[in-house]
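Please look through the sequence and the model displayed below, and keep both at hand while reading the report that follows.

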Amino acid sequence: MSLASWFRWNEPPNRVSQRNPSEMVAETLMMELSWQMKQAEKQHRERENEYRKIKTGVDYGWLVSYPKQSYDISPGERLQLEDMCSKIHPSYCGPVILRFRQLIAEYEPEVQEISRLFRSVLQEAAEKIKEEEEAKKLARQWNTRNKTSLSLTTFKSRSRISPFISDIKTISEDVERGTQPTRRVWSMPEFRSTKDY
C-alpha cells in the first residue's frame with residue numbers, strides 16, 4: 001500500500017465557492033471598470049507629460065509624483081453599476097468585457113466617460129439577454145403548441161380510408177356504362193368505420 005494516499009497535502013484542495021455566480025460576475029466586471037479607469041488616467045498623464053515636454057522643451061517628469069487614482073465614480077453610480085452587473089448572466093461576462101475593451105480601444109474616452117461607456121455596454125448585454133429569453137419563451141410555446149397538434153394527428157380514428165376496395169364507384173365506370181354520373185364524385189375514397197371490417 002502506498003503512503004501517498006495517506007498524505008493528502010499533495011492533492012489540490014477541493015473548495016466549493018461560497019459566493020453566488022452573480023456576485024462573482026459583478027465583482028469581475030467592476031474590477032474591469034476600475035482597471036480601465038486606471039489605464040485611462042495613466043494614458044492621460046502620459047499625454048500631458050508629452051505635451052509639457054513639447055511646450056517647454058524640458059522633461060520634469062522625474063520630479064512629479066502622481067496620486068494613485070484621482071478620479072472615482074460616485075457611490076450611487078457605483079451601486080447602480082453593480083446592480084446592473086449582477087443582472088448579467090455568467091455566460092455573458094466574457095463577451096461584455098470584450099465589447100467594453102473594444103469600445104475603449106475604438107473611442108479612447110476620457111476617464112469621466114468610461115463609466116457611461118460601461119453602462120451602455122451593460123444595457124446592451126441586458127437587452128440581448130432579454131431578447132434571447134423572449135425567443136426561448138416563444139420557442140417553448142411553439143413546441144408545446146406543436147405537441148398538442150401532433151397528438152391530434154397521431155390519434156387513431158375509427159374511420160379508415162380504403163381507396164382500393166372493389167366496390168368503389170368511379171366516374172370512368174359511369175362513362176363506360178353510358179350513364180350520367182350522379183352529383184357525388186365517385187373518384188373520392190370511401191370512408192368506412194372499423195365495424196365494417
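## Glu108 and its backbone angle

In this predicted model, Glu108 counts as exposed, because its relative accessibility is 55% and the cut-off for that class is over 50%. Glu108 is placed in the loop between α3 and α4, and although Glu108 is not a glycine, its phi is positive, at about 45°. Most residues other than glycine have a negative phi.

A positive phi is also found at Gly57, the residue that follows α1, where the angle is near 85°.

## The overall layout

The protein has 5 helices and 2 strands, and a reader who starts at the N terminus meets these elements in the order α-α-α-α-β-α-β. Of the 197 residues in the protein, 20% are buried. The protein exposes about 16100 Å², and carbon and sulfur atoms supply 56% of that area.

How much of the contact between residues at least 6 apart in sequence joins residues at least 24 apart? Among such contacts in the protein, the share that joins residues at least 24 apart is 75%.

## Helix α1

Helix α1 runs through residues 21–56 and so has 36 residues, with a reach of 52 Å from its first C-alpha to its last. This reach is close to the 52 Å expected at 1.5 Å a residue. At the start of α1, a side-chain oxygen of Asn20 comes to within 3.2 Å of the backbone nitrogen of Ser22.

Which residues of α1 are buried? They are Val25, Ala26, Leu29, Met30, Glu32, Leu33, Gln36, Met37, Ala40, Glu41 and Asn49. Lys42, which also has its place in helix α1, is partly exposed instead, because its relative accessible area is 41%. The C-alpha atoms of Lys42 and Val111 are separated by 9.7 Å, while the two residues are 69 residues apart along the chain.

## The loop after α1 and its nonpolar patch

Two aromatic residues to look for here are Tyr60, placed in the loop between α1 and α2, and Trp62, which is found in the loop between α1 and α2 (75–86) as well. Are these side chains buried or exposed, if each is judged by its relative accessible area? Trp62 is exposed, because its relative accessible area is 66%, whereas Tyr60 counts as partly exposed, because its relative accessibility is 49%.

Both residues belong to a nonpolar surface patch of about 490 Å², which is made by Val58, Tyr60, Trp62 and Leu63. Tyr60 can also be placed relative to helix α1 through Asn49, one of the buried residues of that helix: Tyr60 and Asn49 are 11 residues apart in sequence, and their C-alpha atoms are 8.5 Å apart in space.

## Salt bridges

The count for the model comes to 8 salt bridges, and three examples are described here, beginning with the one between Glu110 and Arg47, in which the closest N and O atoms are 3.8 Å apart. This pair links distant parts of the chain, since Glu110 lies in the loop between α3 (93–107) and α4 (111–154), Arg47 lies in helix α1, and the two are 63 residues apart. Glu110 counts as partly exposed, because its relative accessibility is 32%, and Arg47 counts as partly exposed because its value is 39%.

Another salt bridge is formed by Arg119 with Glu77, and its closest N and O atoms are 4.0 Å apart. Arg119 lies in helix α4 and Glu77 in helix α2, so this pair ties together parts that are 42 residues apart in sequence. Arg119 and Glu77 are both buried, a class that needs a relative accessible area under 20%. A further salt bridge joins Asp83 and Lys87, with the closest N and O atoms 3.5 Å apart. Here Asp83 counts as partly exposed, because its relative accessibility is 39%, while Lys87 is exposed, because its relative accessible area is 60%.

Note on methods: Residues are numbered from 1 along each chain as its sequence is written. This is a predicted model: local features need pLDDT of at least 70, side-chain atom pairs count only at pLDDT 80 or more; totals for chains, interfaces and linings use all residues. Side-chain values use heavy atoms; hydrogens and water are left out. Helices (H or I, at least four residues) and strands (E, at least two) are DSSP runs, numbered from the N terminus. The expected span of a helix is 1.5 Å times one less than its number of residues. Buried means under 20% relative accessible area, exposed over 50%, partly exposed in between (1.4 Å probe, protein chains only). A polar contact is a pair of N or O atoms within 3.5 Å; within protein, one must be able to donate a hydrogen and the other to accept it, and residues adjacent in sequence count only if both atoms are side-chain atoms. Patches are made of residues with over 30% relative accessible area and no salt bridge: like charges are joined within 9 Å, nonpolar side chains (Val, Leu, Ile, Met, Phe, Trp, Tyr) within 5 Å. Accessible areas come from the Shrake-Rupley method with a 1.4 Å probe; for residues, only the protein chains shown count as cover. A salt bridge is a side-chain nitrogen of Lys or Arg within 4 Å of a carboxyl oxygen of Asp or Glu. Contact means heavy atoms within 4.5 Å.
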